[in-house]
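Welcome, and thanks for taking a look. Please open the structure and keep it beside you while reading the notes below.

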Amino acid sequence: MSYARLVRFTCGPGDEAPARSLADDLAPLIKEQPGCEGVVVFGDANGEGGVFVLWDSQEHADSAAKVIRPKLDQHLSGHVTAPPEARLFPVLAR
């Protein structure tokens with residue numbers, strides 16, 4: 001069974017820098033993690049953004065989170081209005 005990790009965050013209005021930084025710096029690192037099937041980083045001019053990652057298993061998703069989450073928090077430090085929300089979902093269809 002595949003899994004999808006969705007991480008959402010909110011920065012100040014007009015603050016697109018964290019999402020762009022994640023796309024440039026963190027997305028390649030996520031893609032290198034075992035079991036990663038794809039990464040999407042998104043964001044808008046209102047400061048809303050996030051990361052969507054498909055994983056081949058919950059074990060790979062959880063293992064990668066231990067590596068990626070500290071780096072994600074570092075990228076977002078000083079920009080977010082609240083801690084990022086991260087959830088893992090079973091994929092029902094692709």
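## Starting point

Helices and strands are DSSP runs, numbered from the N terminus, with helices (H or I) having at least four residues and strands (E) at least two. With that naming in place, Gln33 is found in the loop between H1 and E2. Please bear in mind that this is a predicted model.

## The sheet

Let's begin with the strands. There are four of them in an open sheet, in the order E2-E3-E1-E4, and the pairing is antiparallel. Strand E2 (36-43) and strand E4 (85-90) sit at the edges, each pairing on one side only. On average, neighbouring strands of this sheet are turned by 15° against each other, direction ignored. As background, strands of a sheet pair through backbone hydrogen bonds, either parallel or antiparallel.

Taking the pairs in turn, strand E1 (residues 3-10) and E3 run antiparallel and are joined over eight bridges. Two partnerships help to fix the register: Tyr3 has Trp55 in E3 as its bridge partner, and Phe9 has Gly49 in E3. On the other side of E1, six bridges join E1 to E4, again antiparallel, with Arg5 standing opposite Leu88 in E4.

E2 and E3 are joined by seven bridges and run antiparallel; here Val40 stands opposite Phe52 in E3. These two strands form a hairpin with four residues between them, and Gly47 in the turn has a positive phi of about 90°. How enclosed is E3 by the rest of the structure? Six of its eight residues are buried, so E3 is largely enclosed.

## The two helices

H1 packs on the sheet, where H1 touches E1, E2 and E3. The direction of H1 makes about 175° with that of E2. Helix H2 (residues 58-76) lies across E1, E3 and E4 and runs at about 15° to E1.

## Two residues to inspect

Back to Gln33: is this residue buried or exposed? Buried means under 20% relative accessible area, and Gln33 counts as buried because its relative accessibility is 13%. Leaving aside neighbours within four places in sequence, Gln33 is in contact with Trp55, Ala64, Val67 and Ile68. One of these contacts, Val67, is 34 residues away in sequence, with a C-alpha to C-alpha distance of 9.0 Å from Gln33.

Glu48 offers another local view, with its place in strand E3. At 33% relative accessibility, Glu48 counts as partly exposed, since that class lies between the 20% limit for buried and the 50% limit for exposed. Not counting residues up to four places away in sequence, Glu48 touches Arg8, Phe9, Thr10, Phe42 and Gly43. Pro83 is 35 residues from Glu48 in sequence and 13 Å away in space, C-alpha to C-alpha.

## Empty space: the cavity

Rolling a probe the size of a water molecule over the atoms shows where empty space is left. How many cavities of 30 Å³ or more does a search of the whole structure find? The search finds one, and its volume is about 30 Å³.

The lining of this cavity consists of Phe9, Cys11, Asp15, Glu16, Pro18, Ala19, Gly43, Asp44, Gly47, Glu48 and Gly49. Helix H1 (17-31) and strand E3 (48-55) are the elements that give two or more residues to that lining. By residue class, the lining divides into four nonpolar, three polar and four charged. Some names from earlier sections return here: Glu48 is in the lining, as are Phe9 and Gly49, which are bridge partners. Gly47 also belongs to the lining and lies in the hairpin turn.

## Empty space: the largest pocket

The largest pocket has a volume of about 210 Å³. Its lining is made up of 13 residues, of which Arg5, Val7, Ala65, Ile68 and Arg69 lie nearest the centre.

Which elements each supply at least two residues of this lining? They are E1, E3 and H2, and H2 gives the most, with six residues. The lining residues divide into eleven nonpolar, no polar and two charged. Two links to the earlier sections are worth a look: Arg5, among the residues nearest the pocket centre, stands opposite Leu88 in E4, while Ile68, also among those nearest the centre, is in contact with Gln33.

Terms used. Residues numbered from 1 in each chain as written. Predicted model: local features only at pLDDT ≥ 70, side-chain atom pairs only at ≥ 80, totals over all residues. Heavy atoms only, no water. 1 Å grid on protein atoms, 1.4 Å probe; cavity = no way out; pocket = protein on both sides within 12 Å on 5 of 7 lines; lining within 4 Å. Points joined across faces, edges and corners; volume = space filled by probe spheres on them. Nonpolar A, V, L, I, M, F, W, Y, C, P; charged D, E, K, R; others polar. Pairing = 2+ DSSP bridges. Axes fitted to C-alpha atoms, helices over the stretch in contact; angles between N-to-C directions. Contact = heavy atoms within 4.5 Å. Buried < 20%, exposed > 50% of the residue type's maximum accessible area, 1.4 Å probe, protein only.
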